Amino acid sequence: MSDPDSATFCPIPWNFQASRNNGDIRICCQANVSKNSGIVRNEAGEAYNAKNGNLIEARNAPLMKQVRKNMMEGRWSKECIRCQEEEASGLNSRRQYEMFNWPLRLKDVRSYTDDDGTIDVEKTPIQYYDLRFGNKCNLACRMCGPTDSDLWYNDYVKLRGETHYNDSHGRVELEKKGSSWFDKNKTYQWYESEAFWKSLEKFKDGLQHIYMAGGEPLLIKEHYKFLENCVTSKVSENIILEYNTNLTILPNKVLDLWSHFKQVRVGASIDGYGDVFEFQRYPARWNDIYKNLQKLDELPAPVFSWMACTVTIYNVLHIPEFIRWKVEESGFKRINSGKKRSLITHHMAHKPDHLNVRVLSENQKKQVVNKFKEYRSYFQNNFSELHFKESQRILDSIETYMMGKSLYDKFSAEQKFFTETLDKIRDQNSEKFVPSGR
């Protein structure tokens, strides 16, 4: 645990660097829910972008220093609101996860951190990278959008009636080629920059952990080149790879490369099973994904995997049934087999607000609570003590978070428009999944 006087402390502002899908450097992916999205900017207000390779300079940017200063003084930064709210709801936050992963503590960093939060970058080398390789993806999940997936472009134009949108770097213009829409300026292909890879090469020998997401990272050819480089230079044995993947593909090439790394952690984006999964992770097909899950489950160490479940208004009613399926029907021997991840690894969709479970009406929330209550007794009578306690923790945390605040008045109209319009565009029926409130 952290020092008694540092309940807000997190190691990653000291040993970590993260990129958004467009290459903008940010404090942490969790900061995406804050007003400034946690974007790291220089004194002139310009965002640092990984494409330019200014990775070292960004480490002592004003926002990075302020967050460190707040942590040393025991204050929550506004960029850390997601972890703050999750911990208050009994959810496992990113901060707590990283405290478990890294031995770095407040008492360790005080000696090389100035009172204003400036660090000696030589004494605190980057050990951990969070790399979002653009928005190339083969799914258009309901809670995502064009910043996360280029497959969203066509539906975005139909949904919003616009051929542009804003990201942290500014306006993204879409242009039509044939029957499809594309990013006119190739904003999200920043990872093709030679400057970025040269900069990353400088840190390679000291890297201990690389987290990769997208888009879909297993579609990105540069990702494979980087892994090959790590294997060839014999630093792979010191590196833990961690993925967030939709698991639509699991090529033999990546399995061969993984075998050379210290450890590989695979968080598969699985929000349920059957038609619930297909509705939220459009246009994936459950049978195909389940086959890849079975393949993943058979992989020996150094590969460890879990189902990363994003809880939204579309699958919240399904969570108890998903837990039951995992225990009684999935047949998994290694996926979510540990004590800390024995069932599913869930997290709340804080954004977009109109898909956050807090946007549900009071009657809809009551329906969720009653559904959870119905399954609690089933779990108590049919699960092992470990699984029963874990199921209660999951349901309690979701319920506490859901009831902690109401977004209904502010975002219910947008939720109705978004859901009904996308239903028509995709020929889907959300009434099967969203709580009715009856």
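**Loops worth a look: a buried aspartate and some odd backbone spots**

Asp24 is buried (under 20% relative accessible area, 1.4 Å probe, protein chains only), yet no salt bridge (a side-chain nitrogen of Lys or Arg within 4 Å of a carboxyl oxygen of Asp or Glu) is there for it. The nearest side chain of opposite charge (Lys and Arg positive, Asp and Glu negative, His and chain ends not counted) belongs to Arg20, 5.0 Å away. Keep in mind that this is a predicted model, where local features need pLDDT of at least 70, side-chain atom pairs count only at pLDDT 80 or more, and totals for chains, interfaces and linings use all residues. Numbering runs from 1 along each chain as its sequence is written, and side-chain values use heavy atoms, with hydrogens and water left out.

**Around Asp24**
- Asp24 sits in the loop between β1 (16–19) and β2 (25–26); strands here are DSSP E runs of at least two residues, and helices are H or I runs of at least four, numbered from the N terminus.
- Beyond its neighbours within four places in sequence, Asp24 is in contact (heavy atoms within 4.5 Å) with residues including Ile39, Tyr48, Asn49 and His169.

**Cis peptide bonds**
- Gly214 to Gly215 is a cis bond with omega near 15°, and Gly215 falls in the loop between β7 (209–213) and α8 (221–232).
- Ala301 to Pro302 is cis too, omega near 20°, with Pro302 in the loop between α11 (286–297) and β10 (303–311).

**Positive phi outside glycine**
- Lys186 has a positive phi of about 50° and lies in the loop between β6 (180–183) and α7 (194–203).
- Lys186 counts as exposed (over 50%) because its relative accessibility is 54%.
- Asn336 has phi near 50°, in the loop between α12 (319–328) and β11 (345–348).
- At 2% relative accessibility, Asn336 counts as buried.
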